[in-house]
Amino acid sequence: MGTTISEQTVRFLTAEWAEAARVHVDGGPGEDVVAAKQESYWEWIADTRAACSQAWALGVREADGTTSYLRLAWQDGKCAEGTVIAPGEPVEADFVLVGSVETWRRFYAGELNLQRAVVDRKLALERGDTLIFFRSIFFFVESLAALQQVPTSFG
């Protein structure tokens, strides 16, 4: 797991950021993260990931209600595509989760417990089968943790 990635800071919700997000999520956790949890946990994550062929849309809702999305498309366990969807554009995804701009700022500041952010609906599942989503919640949370490693600016 883990991939060597350029650590250049990229602007939030740009095509460059979406590609950096895809690379980080596809690369998975670093060795330090893997070493901190049981091997059986990572085996479960690997099995769940291998079966993943779906798309996630992670929404950023502005104060005026407009929402942009990061769409991550998975194919046979690989994060194959990362794109930004502008407000008003169609969102094709199996699972759509949305948080406020402030939630995403706190996410990148490392101020959120990622599991709690989903359970407490800071990142709210707005579309998708809840049971199927929560069956793979730990894989999703580990993917969020990898996404959190993208050096991101909000300027």
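## Exercises: R71, the cores and the empty spaces

We start at R71, a residue of strand 3. Keep in mind throughout that this is a predicted model.

**Exercise 1.** Is R71 buried or exposed, and which residues is R71 in contact with beyond its neighbours within four places in sequence?

*Solution.*
- Step 1: Take the relative accessible area of R71, which is 18%.
- Step 2: Buried means under 20%, so R71 counts as buried.
- Step 3: List the contacts, leaving aside neighbours within four places in sequence: A55, W56, A57, E81, G82, T83, I85 and E92.
- Step 4: Look at E92 once more. Its backbone oxygen is reached by the side chain of R71 at 2.6 Å.

**Exercise 2.** Work out which residues of the largest nonpolar core touch the most other members, and which element gives the largest share of this core.

*Solution.*
- Step 1: The core has 39 residues, and those touching the most other members are W17, L58, L97, W104, F140, L144 and L147.
- Step 2: Turn to the elements that give two or more residues. The helices are helix 1 (15-27), helix 3 (39-50), helix 4 (101-108), helix 5 (114-119) and helix 7 (137-147), and they are joined by strand 2 (55-61), strand 3 (67-75) and strand 5 (95-100).
- Step 3: Helix 7 gives the largest share, with 6 residues.
- Step 4: Now zoom in on L144. Apart from neighbours within four places in sequence, L144 is in contact with L58, F107, L114, V118 and L123.
- Step 5: Do not stop at one core: a separate, second one has 8 residues, among them Y69, V91, A93 and V96.

As background, nonpolar side chains tend to be buried together in soluble globular proteins.

**Exercise 3.** Find how many cavities of 30 Å³ or more the whole structure holds, and describe the lining of the largest cavity by class.

*Solution.*
- Step 1: Searching the whole structure gives 1 cavity of 30 Å³ or more.
- Step 2: The space in the largest cavity is about 30 Å³.
- Step 3: Its lining is made up of Q54, W56, F95, I132, F133, S136 and F140.
- Step 4: Sorted by class, this lining has 5 nonpolar and 2 polar residues, with no charged ones.

**Exercise 4.** Which residues line the second largest pocket, and how do the residues of this lining divide by class?

*Solution.*
- Step 1: The pocket has a volume of about 170 Å³.
- Step 2: Around it you will find T48, A51, C52, S53, Q54, F95, I132, R135, S136 and F139.
- Step 3: The lining divides into 5 nonpolar, 4 polar and 1 charged.
- Step 4: Check the two linings against each other: Q54, F95, I132 and S136 appear in both.

Technical notes
Residues numbered from 1 in each chain as written. Predicted model: local features only at pLDDT ≥ 70, side-chain atom pairs only at ≥ 80, totals over all residues. Heavy atoms only, no water. Core = buried A, V, L, I, M, F, W, Y, C linked by side-chain atoms within 4.5 Å. Buried < 20%, exposed > 50% of the residue type's maximum accessible area, 1.4 Å probe, protein only. Helix = DSSP H or I, 4+ residues; strand = E, 2+ residues; numbered from the N terminus. Contact = heavy atoms within 4.5 Å. Polar contact = N/O pair within 3.5 Å; in protein donor to acceptor, adjacent residues only side chain to side chain. 1 Å grid on protein atoms, 1.4 Å probe; cavity = no way out; pocket = protein on both sides within 12 Å on 5 of 7 lines; lining within 4 Å. Points joined across faces, edges and corners; volume = space filled by probe spheres on them. Nonpolar A, V, L, I, M, F, W, Y, C, P; charged D, E, K, R; others polar.
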